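Welcome! Let's take a look together and ask how a few labels are earned.

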Amino acid sequence: MGIELINKYFDNLTERQISQYEALYELYLDWNSKINVISRKDIDNLYERHVLHSLAIAKVLRFKDGTSIIDVGTGGGFPAIPLAIMFPECKFTLIDSTNKKLRVADAVAQSIGLNNTETHHARIEDIKTRHDFVVSRAAMDMQTLVRLTRKNVSSKHMNALPNGLICLKGGEIDAEIAPFKNRTTVYDLKDWFAEEFFETKKAIYMPL
């Protein structure tokens, strides 16, 4: 299932957004044959396990136009590229320490005409820019993520939620978020998406 799955949960997409989402499968299939950015057995589940999973962040918060988001450990562009399609008036900065994966993200963004993304081959420790939100998809544990990205969050708020961190996690997270128990909001993705894949998946929001 491809674009139908995205339309199932996001029914107000423009024709341009639909065509951009539709193009992702062939692009990632082609690039994945050269650079392994998605596990081989997962590529057929691209829309469910990567695109829709990334878009869970859009269920946590509808970013206002002009919002700046930094994606830490983006790999081949998740969650940033699906979100950049969803929010064309927001700016996405994609960070990863593996340059060849960023080449894939750059090529995909260019192929579908995204002009609101930029990539940086760097570790988040070395990035000094400030953004409204940090997003991440299981790139590292919460304590490390909070420690390394706190400096990158702007103090000027413009969205319905205060600036901070939104990350996607799977499985048992209680121990990981225990140090931040009173500051985090945990969302069960199964409340939004009916597919079995999302049964144990979570989105975590934490103001920084």
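Q: What makes Arg49 partly exposed?
A: Its relative accessibility is 28%. Buried means under 20% and exposed means over 50%, so Arg49, at 28%, counts as partly exposed. Keep in mind that this is a predicted model.

Q: Why is the meeting of Glu48 and Arg49 called a salt bridge?
A: Their side chains come to 3.7 Å, N to O. The cut-off is 4 Å between a side-chain nitrogen of Lys or Arg and a carboxyl oxygen of Asp or Glu, so this pair qualifies.

Q: Why do Arg123 and Glu125 form a salt bridge, and how exposed are they?
A: The N to O distance between their side chains is 3.4 Å, and the limit is 4 Å, so the label fits. Arg123 has a relative accessible area of 49%, which makes it partly exposed, and Glu125, at 32%, is partly exposed too.

Q: What does the salt bridge between Lys202 and Asp188 tie together?
A: The closest N and O atoms of Lys202 and Asp188 are 2.6 Å apart. Lys202 belongs to strand S7 and Asp188 to strand S6, so the pair links parts that are 14 residues apart in sequence. Asp188 is partly exposed, at 24% relative accessibility.

Q: Which residues are joined into one network by salt bridges that share partners?
A: Asp42, Glu48 and Arg49. Across the whole structure, a search finds 9 salt bridges.

Q: How do you know that Asp132 has no salt bridge?
A: The nearest side chain of opposite charge, Lys156, is 8.6 Å away. A salt bridge needs a distance within 4 Å, so Asp132 has none. Asp132 is buried all the same, and its side chain reaches the backbone nitrogen of Ser68 at 2.8 Å.

Q: Why is the pair of Tyr9 and Phe193 called edge-to-face?
A: A search of the whole structure finds 7 aromatic pairs, and Tyr9 with Phe193 is one of them, at 4.8 Å centre to centre with 70° between the planes. Centres must lie within 6.5 Å and planes over 60 degrees apart count as edge-to-face, so both conditions are met. Tyr9 lies in helix H1 and Phe193 in the loop between strand S6 and strand S7, so the pair ties together parts 184 residues apart in sequence. Both Tyr9 and Phe193 are buried.

Q: What makes Lys59 a charge over the ring of Phe10?
A: Its charged end sits over that ring, 4.7 Å from the centre, and the distance limit is 6 Å. Lys201 likewise lies over the face of Phe197, at 4.2 Å from the ring centre.

How values were computed
Residues numbered from 1 in each chain as written. Predicted model: local features only at pLDDT ≥ 70, side-chain atom pairs only at ≥ 80, totals over all residues. Heavy atoms only, no water. Phe/Tyr/Trp six-rings, centres within 6.5 Å; stacked < 30°, edge-to-face > 60°. Helix = DSSP H or I, 4+ residues; strand = E, 2+ residues; numbered from the N terminus. Buried < 20%, exposed > 50% of the residue type's maximum accessible area, 1.4 Å probe, protein only. Lys NZ or Arg CZ within 6 Å of the ring centre and 35° of its normal. Lys, Arg positive; Asp, Glu negative; His and termini not counted. Polar contact = N/O pair within 3.5 Å; in protein donor to acceptor, adjacent residues only side chain to side chain.
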